[in-house]
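Hi,

Here is the structure I promised to pass on. Have a look at it first, and then read on for what turned up.

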Amino acid sequence: MACENRAMSLSPDSPASATGDNDDVAALSYEQAREELVGVVQRLEAGQVPLEDALSLWERGEALAARCQAWLDDARARLAAVASPDQDQG
């Protein structure tokens, strides 16, 4: 899966940034972000990931979930904008 290569190493001297290491998420389509999020969740649920990698995956998952939510929010707003003129004329 694509998310396997995205895990980063954490150390006490270099805290991970939830946004800085996941900047590429903003360029993903809804389908890409959702697919990768499913992989992240599966890896975390399997419990075979070292703690440092699990924290990185969690942060990645949070960024992916936020991206998916942004896509859904935008779609909802677009649908509402299209539906509004119809309701005003009816």
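Which residues make up the largest nonpolar core? Before the answer, one caveat: this is a predicted model, so please read everything below in that light. The core takes in 11 residues, namely Val25, Leu28, Ala33, Leu37, Val40, Val49, Ala54, Leu57, Ala63, Leu64 and Cys68. Two elements give two or more residues to this core: helix 1 (30-46) and helix 2 (51-89). Helix 2 gives the most, with five residues.

Ala33 is a handy place to start looking around in there. Leaving aside neighbours within four places in sequence, Ala33 is in contact with Leu28, Leu64, Arg67 and Cys68.

Now the overall picture. The secondary structure of the protein chain comes to two helices and zero strands. Of its 90 residues, 22% count as buried. If you take the contacts with a separation of 6 or more, 77% of them are between residues 24 or more positions apart. The accessible surface of the chain is about 6300 Å², and carbon and sulfur atoms hold 54% of that.

On to helix 1. Its 17 residues, at 1.5 Å a residue, should span 24 Å, and the C-alpha atoms at its ends are indeed 24 Å apart, so the two values agree. Which residues of helix 1 are buried? They are Ala33, Glu36, Leu37, Gly39 and Val40. These buried residues cover an arc of only 160 degrees around the axis, which means they sit on the same side of helix 1. The face turned away from that buried side carries the exposed residues Glu31, Glu35 and Glu45. Right after the helix comes Gly47, with a positive phi near 70 degrees.

Three residues are worth a click each:

- Gly39 lies in helix 1. Its relative accessible area is 1%, and with the cut-off for buried at under 20%, Gly39 is buried. The C-alpha atoms of Gly39 and Leu57 are separated by 9.8 Å, with the two residues 18 apart along the chain.
- Arg43 is also placed in helix 1. Is Arg43 buried or exposed? Neither label fits: its relative accessible area is 23%, so Arg43 is partly exposed. Ala54 is 11 residues away along the chain, and the C-alpha atoms of Arg43 and Ala54 are separated by 8.5 Å.
- Ala27 is found in the segment before helix 1. Ala27 has 70% relative accessibility, and because exposed means over 50%, Ala27 counts as exposed. Between the C-alpha atoms of Ala27 and Arg67 there are 9.2 Å, although these residues are 40 apart along the chain.

Last, the confidence. The protein chain averages a pLDDT of 81, and 71% of the residues score at least 70. Which stretch has a pLDDT below 50? That is residues 1-19, and this stretch has 27 contacts in the model beyond near neighbours in sequence. Where pLDDT is low, the predicted coordinates should not be read in detail. I would keep that in mind when looking at those contacts.

Shout if anything looks odd on your side.

Cheers

Conventions. Residues are numbered from 1 along each chain as its sequence is written. This is a predicted model: local features need pLDDT of at least 70, side-chain atom pairs count only at pLDDT 80 or more; totals for chains, interfaces and linings use all residues. Side-chain values use heavy atoms; hydrogens and water are left out. A nonpolar core is a set of buried Ala, Val, Leu, Ile, Met, Phe, Trp, Tyr and Cys residues joined through side-chain atoms within 4.5 Å. Buried means under 20% relative accessible area, exposed over 50%, partly exposed in between (1.4 Å probe, protein chains only). Helices (H or I, at least four residues) and strands (E, at least two) are DSSP runs, numbered from the N terminus. Contact means heavy atoms within 4.5 Å. The expected span of a helix is 1.5 Å times one less than its number of residues. The arc is that of the directions from the helix axis to the C-beta atoms. Accessible areas come from the Shrake-Rupley method with a 1.4 Å probe; for residues, only the protein chains shown count as cover. pLDDT is the predictor's confidence in each residue, from 0 to 100.
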